[in-house]
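Let's take a friendly walk through this model, one buried charge and one group of rings at a time. Please have the structure open as you read.

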Amino acid sequence: MACYGISFAISGGYPTGGNTVNVLSGISSAFLGPIAGVAGGLINRAFGRKLKDTGIQGTFGGQAGFEGKGYQFYKGGWFRSDKTKTSALDPGLQKMLADSFKAMQMQVGTFATVLGLSTEKIAGFTTSMKVSLHGLKKEEIQGKIEEALATANNELAEQVLGTWTKTTRQITEQSGGLSNSG
């Protein structure tokens with residue numbers, strides 16, 4: 001077991017082929033000693049991938065209100081590329097995000113009408129979002145989603161007022177808030 005621990009420590013959590021390879025690496029480590037543990041760890045580190053981020057990405061706007069997917073980002077080992085896997089969002093979450101944005105569109109439209117501003121830009125407005133949810137608790141996840149909706153609402157209002165410039169925003173736990181690029 002100590003040799004398996006050496007193998008896992010060297011690999012840094014980068015498995016190469018799921019649990020089977022790691023278990024075989026551990027078994028060989030137990031029988032062949034520390035050298036096999038080091039070799040197994042190096043193989044995993046060189047050719048494995050490690051989950052580094054999970055979250056939601058998508059676009060607010062258009063007829064649907066919101067279209068998006070869940071994502072998982074895997075950091076590649078020394079000789080393996082990074083990989084992002086996407087999956088369909090829970091239908092309830094997809095609907096909540098779409099309905100929330102549609103309500104914001106109506107609210108901003110009312111705001112624009114009261115101020116005598118054009119509402120033409122509201123229907124064609126879109127903005128992308130990417131929210132990292134990796135390692136967050138339920139309350140923190142809700143807060144990040146609310147922050148993404150608030151950002152989209154502000155950008156929509158800025159579009160109507162004529163002060164909006166297109167940016168890509170990512171809300172991540174690591175940065176502790178919004179980061180702008182583009």
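What is the nearest side chain of opposite charge to Asp 53, and how many Å away is Lys 130 or any other such partner? The nearest is Lys 130, 5.6 Å away, and Asp 53 is buried yet has no salt bridge. Here buried means under 20% relative accessible area (1.4 Å probe, protein chains only), and a salt bridge is a side-chain nitrogen of Lys or Arg within 4 Å of a carboxyl oxygen of Asp or Glu. Lys and Arg count as positive, Asp and Glu as negative, with His and the chain ends not counted.

This is a predicted model, in which local features need pLDDT of at least 70, side-chain atom pairs count only at pLDDT 80 or more, and totals for chains, interfaces and linings use all residues. Residues are numbered from 1 along each chain as its sequence is written, and side-chain values use heavy atoms, leaving out hydrogens and water.

Asp 53 sits in strand β1 (residues 49–61); strands are DSSP runs of E, at least two residues, and helices runs of H or I, at least four, numbered from the N terminus. Its side chain makes the polar contacts below (N or O atoms within 3.5 Å; within protein, one must be able to donate a hydrogen and the other to accept it, and residues adjacent in sequence count only if both atoms are side-chain atoms).

| Side-chain pair | Polar contact |
|---|---|
| Asp 53 and Tyr 71 | 2.9 Å |
| Asp 53 and Ser 132 | 2.6 Å |

Now for the rings: Phe 60 and Phe 101 are both buried. Phe 60 lies in strand β1 and Phe 101 in helix α4 (residues 91–115), 41 residues apart.

Notes:
Buried means under 20% relative accessible area, exposed over 50%, partly exposed in between (1.4 Å probe, protein chains only).
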